[in-house]
Amino acid sequence: MKTAQRWAIIGGGLVGTATALRLQAAGFEATLIDPGDPRRGASFGNIGHIAAEQCEPMPSPATLKSAFGRLFVLGGPLDFRARDMALWGPWALRFLAASRPTAAAHGARMLAHLLDDPLGAWQRLAALAQAPDDLIRPTGHAVVWSTPEAARRGLEAWRNARTGKARFRPLEADELAAWDGVLTSRPAGGIRFTGTGQVSEPQRVRDVLTAAFTGRGGRVMQAEARRLNPMSDGVEIVLEDDAVVDADRVVVAAGAWSAPLLAPLGLTIPLIGERGYSVQSAQHDWPDDLPLTVFEDRALVVARFKGGLRASSHVEFGAPSAPPDARKWRRIEDQLRALGVAFSETPDRWCGPRPTLADYLPAIGRLQAHPAIHYAFGHQHLGLTLAAFTAETMEQLALGHSPPAWMNALQIERFG
């Protein structure tokens with residue numbers, strides 16, 4: 001009897017865990033290798049949004065035009081850690097190249113493919129995991145604005161934006177009254193999306209997927225992978241204590257920490273830790289039927305989870321493991337107070353890095369020079385959104401099926 005092919009997945013975030021489950025369910029012998037700190041990566045503290053509408057490429061002339069006004073020092077969400085300039089400086093040059101009109105058009109085409117059906121992929125994964133019915137919620141979300149002028153500009157921008165298969169409509173005045181119970185002032189305007197969704201809580205999703213993976217015989221190792229040694233018959237994974245794990249195939253899905261594993265193999269990978277900040281309060285009065293809400297003119301998103309109310313903001317470029325900047329938590333909390341949202345005075349504070357490549361497209365595929373090494377990282381703000389789709393893609397690669405031709409553009413070798 002033929003022994004099942006041994007796969008090792010490095011990284012236990014949502015992308016890695018979903019991939020491990022898919023591979024184990026497909027009949028492979030899968031081992032998930034993760035340092036074990038659930039709070040370290042973006043999979044823990046994100047806002048739980050399945051963002052099918054985010055089809056506008058981040059690198060674009062429009063982004064460059066608006067960047068200065070969005071800087072943190074001017075009250076916006078965008079910041080660059082000065083001491084980490086050696087990291088984000090070269091990355092920024094590649095971002096500028098990706099912002100040219102022709103490159104931005106390519107990014108838009110890729111996002112249209114990637115975001116074709118993220119909710120469907122999640123629903124299929126939830127069924128595979130035999131997850132509770134409320135784990136994935138196809139309930140849409142809302143975008144609101146504080147002033148009539150912000151609402152006018154915001155609605156015009158969304159009407160001119162690519163939103164894929166997601167759709168929206170303006171909210172009527174009586175619908176805006178739904179926020180009266182949680183805000184000091186009713187929003188001046190808003191839109192309601194369909195075709196998007198929310199998870200019951202990101203860490204709960206991860207726990208459910210992990211339980212389904214181990215329930216099928218998958219193995220979880222709490223360890224830090226430090227080096228990959230390609231061999232004639234597979235890959236050696238050297239761990240932090242110099243222990244070695246042998247595998248026939250490897251998937252690098254370590255988020256913002258993926259590049260150091262592949263760089264020794266001759267790859268130039270412009271990956272940055274684009275950090276987000278969130279706060280969560282178990283005490284709140286946000287009703288369960290009020291959707292995830294983007295306060296767009298405040299660069300703030302609020303969502304109710306099983307464990308409490310979470311608010312998130314900020315885009316901070318720098319080292320993924322750098323100490324958090326407490327000013328950013330305070331600004332989120334100030335925004336909540338200004339809105340009148342009931343929230344704890346001592347919330348659970350989190351900071352974590354979104355793994356972002358310079359063209360804001362993920363890297364999904366396998367190495368041309370070392371085909372036993374696969375990769376799935378660089379999903380920027382779409383890690384949760386695309387985790388289930390990415391896992392399906394990795395399963396197809398493992399089964400020997402060729403991905404769609406458009407996915408060739410996601411090969412990591414595109415950076416040279």
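How are α1 and α9 oriented relative to each other? Keep that question in mind as you open this predicted model and follow the stops below.

**Stop 1: two helices side by side**

Select residues 14-25, which form helix α1, and residues 202-215, which form helix α9. Two packed helices are described by the angle between their axes and the distance between the axes. Here the axes come within 9 Å and cross at roughly 25 degrees. Angles under 35 degrees count as roughly parallel, so α1 and α9 are roughly parallel to each other. The crossing of α1 past α9 is left-handed.

Now show the side chains where the helices meet. From α1, pick Leu-14, Thr-17, Ala-18, Ala-20, Leu-21 and Gln-24. From α9, add Pro-202, Val-205, Arg-206, Leu-209, Thr-210, Ala-212 and Phe-213. Colour the residues of this contact by type and you will find 9 nonpolar, 3 polar and 1 charged.

**Stop 2: the sheet beside α1**

Keep α1 on screen and add β1 (6-10), β2, β14 (249-252) and β21 (373-377), since α1 lies across these strands. The helix runs at about 165 degrees to β2.

These strands belong to an open sheet of 6 strands, which you can trace in the order β10-β2-β1-β14-β21-β20. The pairing in this sheet is mixed. At its edges are β10 (219-222) and β20, each of which pairs on one side only. On average, neighbouring strands are turned by 20 degrees against each other, direction ignored.

Zoom in on one edge. Strand β2 (residues 29-34) pairs with β10 in the parallel sense, over 4 bridges. To see one bridge, select Asp-34 and its partner in β10, Gln-222.

**Stop 3: an enclosed helix**

Next, select residues 118-128, helix α6. How many of the residues of α6 are buried? The count is 8 of the 11, so this helix is largely enclosed by the rest of the structure. Among the buried residues are Pro-118, Trp-122 and Leu-125. The buried residues of α6 pack against α1, β3 (49-50), β5 (136-137), β9 (197-199), α9 and α12 (383-398). Following α6 is Gln-130, with a positive phi near 50 degrees.

Three of those neighbours make a sheet of their own. In this open sheet of 3 strands the order is β3-β9-β5, and the pairing is antiparallel. The edge strands are β3 and β5. Between β5 and β9 there are 2 bridges; select Ile-136 and its partner in β9, Val-199, to see one of them.

**Stop 4: unusual backbone angles**

Most residues other than glycine have a negative phi, and most peptide bonds are trans. Against that background, select His-314 in strand β18 (residues 308-318). The phi of His-314 is positive, near 85 degrees. Is His-314 buried or exposed? Buried means under 20% relative accessible area, so His-314, at 4%, counts as buried.

Then move to Tyr-360, in the loop between β19 (348-357) and β20 (363-366). Tyr-360 also has a positive phi, near 60 degrees, and is buried, with a relative accessible area of 4%.

**Last stop: Ala-150**

Finish in helix α7 (residues 148-159), where you will find Ala-150. With a relative accessible area of 8%, Ala-150 is buried. Leaving aside neighbours within four places in sequence, Ala-150 is in contact with Trp-145 and Asp-297. For a last look across the model, select Arg-216 as well: Ala-150 and Arg-216 are 66 residues apart in sequence and 51 Å apart in space, C-alpha to C-alpha.

Key: Residues are numbered from 1 along each chain as its sequence is written. This is a predicted model: local features need pLDDT of at least 70, side-chain atom pairs count only at pLDDT 80 or more; totals for chains, interfaces and linings use all residues. Side-chain values use heavy atoms; hydrogens and water are left out. Axes are lines fitted to C-alpha atoms, for helices over the stretch in contact, and angles run from 0 to 180 degrees between N-to-C directions. Angles under 35 degrees count as roughly parallel, over 145 as roughly antiparallel, 65 to 115 as roughly perpendicular and the rest as oblique. A crossing is left-handed if the near helix is turned anticlockwise from the far one by less than a right angle, and right-handed if clockwise. Contact means heavy atoms within 4.5 Å. Ala, Val, Leu, Ile, Met, Phe, Trp, Tyr, Cys and Pro count as nonpolar, Asp, Glu, Lys and Arg as charged, and the others, Gly among them, as polar. Buried means under 20% relative accessible area, exposed over 50%, partly exposed in between (1.4 Å probe, protein chains only). Two strands pair if DSSP finds at least two bridges between them.
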